[in-house]
Amino acid sequence: MKQEYRACKKCKILTTEKTCPVHANEKTTTEWYGFIIIIDPARSEIAKRANIVEPGAYAIRVRQ
Ligand SMILES: [Zn+2]
């Protein structure tokens, strides 16, 4: 997974694109570590703490 996926530097969402699907101008990076999958952000404590509103896979750490 790590080689193909990239993480947005702003929201940490994982994508295969070079720019974030949420933040159109935000570049993504392959320098990320670990990931969590958020299915229902409204009911997830982790999502609330990380300010995640869109369901998806998110990196835990992204190198800035
Ligand atoms: Zn983003």
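Strands here are DSSP runs of E with at least two residues, numbered from the N terminus. By that count, this predicted model has 1 helix and 5 strands, and β5 gives the most to the lining of the largest pocket, with 3 residues. The other main item is a zinc ion held by Cys 8, Cys 11, Cys 20 and His 23.

**Overall build**

- Going along the sequence, you pass through β-β-β-β-α-β.
- The protein has a radius of gyration of 11 Å, which agrees with the value near 11 Å that a compact globule of 64 residues would have.
- The C-alpha trace spans about 30 × 25 × 20 Å along its principal axes.
- Of the 64 residues, 31% are buried.

**Zinc site**

- Which atoms hold the zinc ion? The donors are SG of Cys 8, Cys 11 and Cys 20, plus ND1 of His 23, at 2.0 to 2.4 Å.
- The 4 donor atoms subtend angles of 101 to 122° around the zinc ion, so the arrangement counts as tetrahedral. The cut-off behind that label is that all angles lie between 85 and 135 degrees.
- Written as a sequence pattern, the spacing of the donor residues is C-x2-C-x8-C-x2-H.
- Cys 8 and His 23 link distant parts of the chain: Cys 8 belongs to strand β1 (residues 6-8), while His 23 sits in the loop between β2 (14-15) and β3 (28-29), 15 residues apart.
- Are these two donors buried or exposed? Cys 8 counts as buried because its relative accessibility is 0%, with the limit for that label set at under 20%. His 23 has a relative accessible area of 23%, so it is partly exposed.

**Largest pocket**

- Rolling a probe the size of a water molecule over the atoms shows where empty space is left. In this model, the largest pocket has a volume of about 170 Å³.
- The lining consists of Cys 11, Lys 12, Ile 36, Ile 46, Arg 49, Ala 50, Ile 52, Tyr 58, Ala 59 and Ile 60. Cys 11 is thus listed in the lining and is also one of the zinc donors.
- By type, the lining residues split into 8 nonpolar, no polar and 2 charged.
- Helix α1 (45-49) and strand β5 (56-62) each supply at least two lining residues.

**Positive phi angles**

- Most residues other than glycine have a negative phi. Which residues go the other way here? Lys 12 and Asn 51 are the ones to look at.
- Lys 12 has a positive phi of about 70° and belongs to the loop between β1 and β2. Its relative accessible area is 30%, so Lys 12 is partly exposed. Lys 12 also turns up in the lining of the largest pocket.
- Asn 51 has a phi near 60° and is found in the loop between α1 and β5. With a relative accessible area of 67%, Asn 51 counts as exposed, because that label needs over 50%.

**Ile 39 and the chain end**

- Where is Ile 39? Ile 39 lies in the loop between β4 (32-38) and α1.
- Is Ile 39 buried or exposed? Ile 39 has a relative accessible area of 71%, so it is exposed.
- The C-alpha atoms of Ile 39 and Gln 64 are 26 Å apart in space, and the two residues are 25 residues apart along the chain.

Definitions and conventions. Residues numbered from 1 in each chain as written. Predicted model: local features only at pLDDT ≥ 70, side-chain atom pairs only at ≥ 80, totals over all residues. Heavy atoms only, no water. 1 Å grid on protein atoms, 1.4 Å probe; cavity = no way out; pocket = protein on both sides within 12 Å on 5 of 7 lines; lining within 4 Å. Points joined across faces, edges and corners; volume = space filled by probe spheres on them. Helix = DSSP H or I, 4+ residues; strand = E, 2+ residues; numbered from the N terminus. Nonpolar A, V, L, I, M, F, W, Y, C, P; charged D, E, K, R; others polar. Donors = N, O, S within 2.8 Å, 3.2 Å for Na, K, Ca; no water. Tetrahedral: all angles 85-135°; square planar, octahedral: opposite > 155°, others 65-115°. Buried < 20%, exposed > 50% of the residue type's maximum accessible area, 1.4 Å probe, protein only. Rg over C-alpha atoms; globule rule 2.2 N^0.38 Å.
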